[in-house]
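Work through the exercises below with the model open. Try each task before you read its solution.

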Amino acid sequence: MALRIDIGGLPPGRLRFAASPLAELTAMLHVLAEPGHHPRLAGWAGDVWAGLRPELAERLREAEFLWRSSRADFLVPARPRPTLAEELDDVDRIDDETYVTAALVTTCGSNRVHFAAPSPLTDAAARQRALDLAQARGALQEAFAERLLADPAAVRTRVRHTLEQCAEAFFDAAWTGVAVQLAADLRLKNDLLKRQGIGAALASVSGAITLAPDGDRIIVDKLQDKAIAAHSSGVTFLPSVFGRPHLVVVHAPGWRPVVQYPVAEAGPWEPVSLETVTLRLEALAHPVRLRLLRTLARGPHTTGELAHAWELSPPEVSRHLAVLRRAGLLTARRHGRYVRYTASLPDLTALGTDLLAAVLR
């Protein structure tokens, strides 16, 4: 499954890489709401929670539906500004219907709405559906939806004030260091975009993002099968340090598509695609291949040695080895007439981490 963004005929200048303080704050809030998704930031999250005033901690729990399982569209800006205050001012300019619909998409866990969908602020059936969905997900969620529908202006003011308090409590200090990493990543991405084109820039973003061979579509490895168009609006890419390992895509109708991607960690690790993870799981699911791999983990073997050890025919062993090699779980080295196979222990070790990253992406 994949999300396809049609960019056919899009001028190069409409593909933008930029940093967003609001999007990074939202990523931090997600870490605070779901620290289990970010084990390397668990210490940071614990320190922040310990230092929060009780009133602010309660406000974050009250509004966490805006960033916990997905992100409200207005919290991932398509037109980033230099400061958090400027981006919050842009959010204030959004009309109530757009704001409420975006908030309830997250709060109620529904799919992205279509242009023709009635507004819960004006349509009784849409309002009741929004409340029913919120009620099914918990008392806090129901209360938030009720307040939002009853008095959008008051809730919007409260959410902005909460985000401003977060800036004072922890965001400003964290942003000072994060901004340096984001700026370095943006220099790389914009240089690749200028010198080598869209394909090279996308390849450096994530292994989960590719450019179609015809150059007219960006393909994002996400748990959905959908096509959206960006001919007139363009696409914005936002790097994130705190968003790792998530790859967030905002693509609701009426919004410019936005991709928030994780800045690569220092070191050799690179995210693998869901296709690669699937190949490896399928390769390991067969009992014969698992036996062969356990043997190869103990040292190099030839096809003939494996066939003899497990009482299999050489062609049968070769077929299983081919599957393991396609999955990247074996290395092969020729010694004269013979090819000796060895299990790729680093890739086997990383499979758990790769699987988690692919699921959370």
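**Exercise 1. State how much surface the chain exposes and what share carbon and sulfur atoms supply.**

Solution. The chain exposes about 17,700 Å². Carbon and sulfur atoms supply 55% of that area. Areas come from the Shrake-Rupley method with a 1.4 Å probe, and for residues only the protein chains shown count as cover.

This is a predicted model: local features need pLDDT of at least 70, side-chain atom pairs count only at pLDDT 80 or more, and totals for chains, interfaces and linings use all residues. Residues are numbered from 1 along each chain as its sequence is written, and side-chain values use heavy atoms, with hydrogens and water left out.

Next, the burial. Of the 361 residues in the chain, 46% are buried. Buried means under 20% relative accessible area, exposed over 50%, partly exposed in between (1.4 Å probe, protein chains only).

Then the box. Along the principal axes, the C-alpha atoms fill roughly 75 × 45 × 45 Å.

Last, the contacts, meaning heavy atoms within 4.5 Å. Among contacts with a separation of 6 or more, 70% join residues 24 or more positions apart.

**Exercise 2. Give the strand order of the open sheet that holds β1, and find its edges.**

Solution. Start with the inventory: the chain has 14 helices and ten strands. Helices (H or I, at least four residues) and strands (E, at least two) are DSSP runs, numbered from the N terminus. Two strands pair if DSSP finds at least two bridges between them.

The order is β3-β4-β1-β5, with mixed pairing. β3 (209–211) and β5 (226–229) each have a single partner strand, so one side of each lacks a neighbour in the sheet. From one strand to the next, the twist averages 20°. Angles run from 0 to 180 degrees between N-to-C directions, and axes are lines fitted to C-alpha atoms, for helices over the stretch in contact.

Now take one pair. β1 (residues 3–6) and β5 run parallel over four bridges. Ile-5 faces Ile-228 in β5. Helix α9 (residues 198–205) packs on this sheet and touches β3 and β4 (217–220). The direction of α9 makes about 165° with that of β3.

**Exercise 3. Identify the residues of the largest nonpolar core that touch the most other members, and the helix that gives the most to this core.**

Solution. A nonpolar core is a set of buried Ala, Val, Leu, Ile, Met, Phe, Trp, Tyr and Cys residues joined through side-chain atoms within 4.5 Å. The largest has 51 residues. Leu-29, Leu-66, Trp-67, Phe-74, Leu-163 and Phe-170 touch the most other members. Helices that each supply at least two residues include α1 (21–33), α2 (42–51) and α8 (152–195). α8 gives the most, with eleven residues.

Check one member. Phe-170 touches Leu-25, Met-28, Leu-29, Leu-32, Trp-44, Val-48 and Leu-52, leaving aside residues up to four places away in sequence. A second, separate core has 24 residues, including Ile-5, Ile-218, Val-249 and Val-259.

**Exercise 4. Test the length of α1 and decide whether it is enclosed or not.**

Solution. The expected span is 1.5 Å times one less than the number of residues. For the 13 residues of α1 that gives 18 Å, and the end C-alpha atoms are 18 Å apart, which agrees. As for burial, 13 of the 13 residues of α1 are buried, so α1 is largely enclosed by the rest of the structure.

**Exercise 5. Place β8 in its sheet and describe its two faces.**

Solution. The order in this open sheet of four strands is β2-β6-β8-β7, with mixed pairing. β2 (15–17) and β7 are the edges; each has a single partner strand, so one side of each is left without a neighbour in the sheet.

β6 (residues 235–240) pairs with β8 in the parallel sense over five bridges. Phe-237 has Val-259 as its bridge partner in β8. β7 (residues 248–250) pairs with β8 in the antiparallel sense over three bridges. Val-250 stands opposite Val-258 in β8.

In a regular strand the side chains alternate between the two faces of the sheet. In β8, Val-258, Gln-260 and Pro-262 lie on one side, Val-259 and Tyr-261 on the other, and all are buried. With five of five residues buried, β8 (residues 258–262) is therefore largely enclosed by the rest of the structure.
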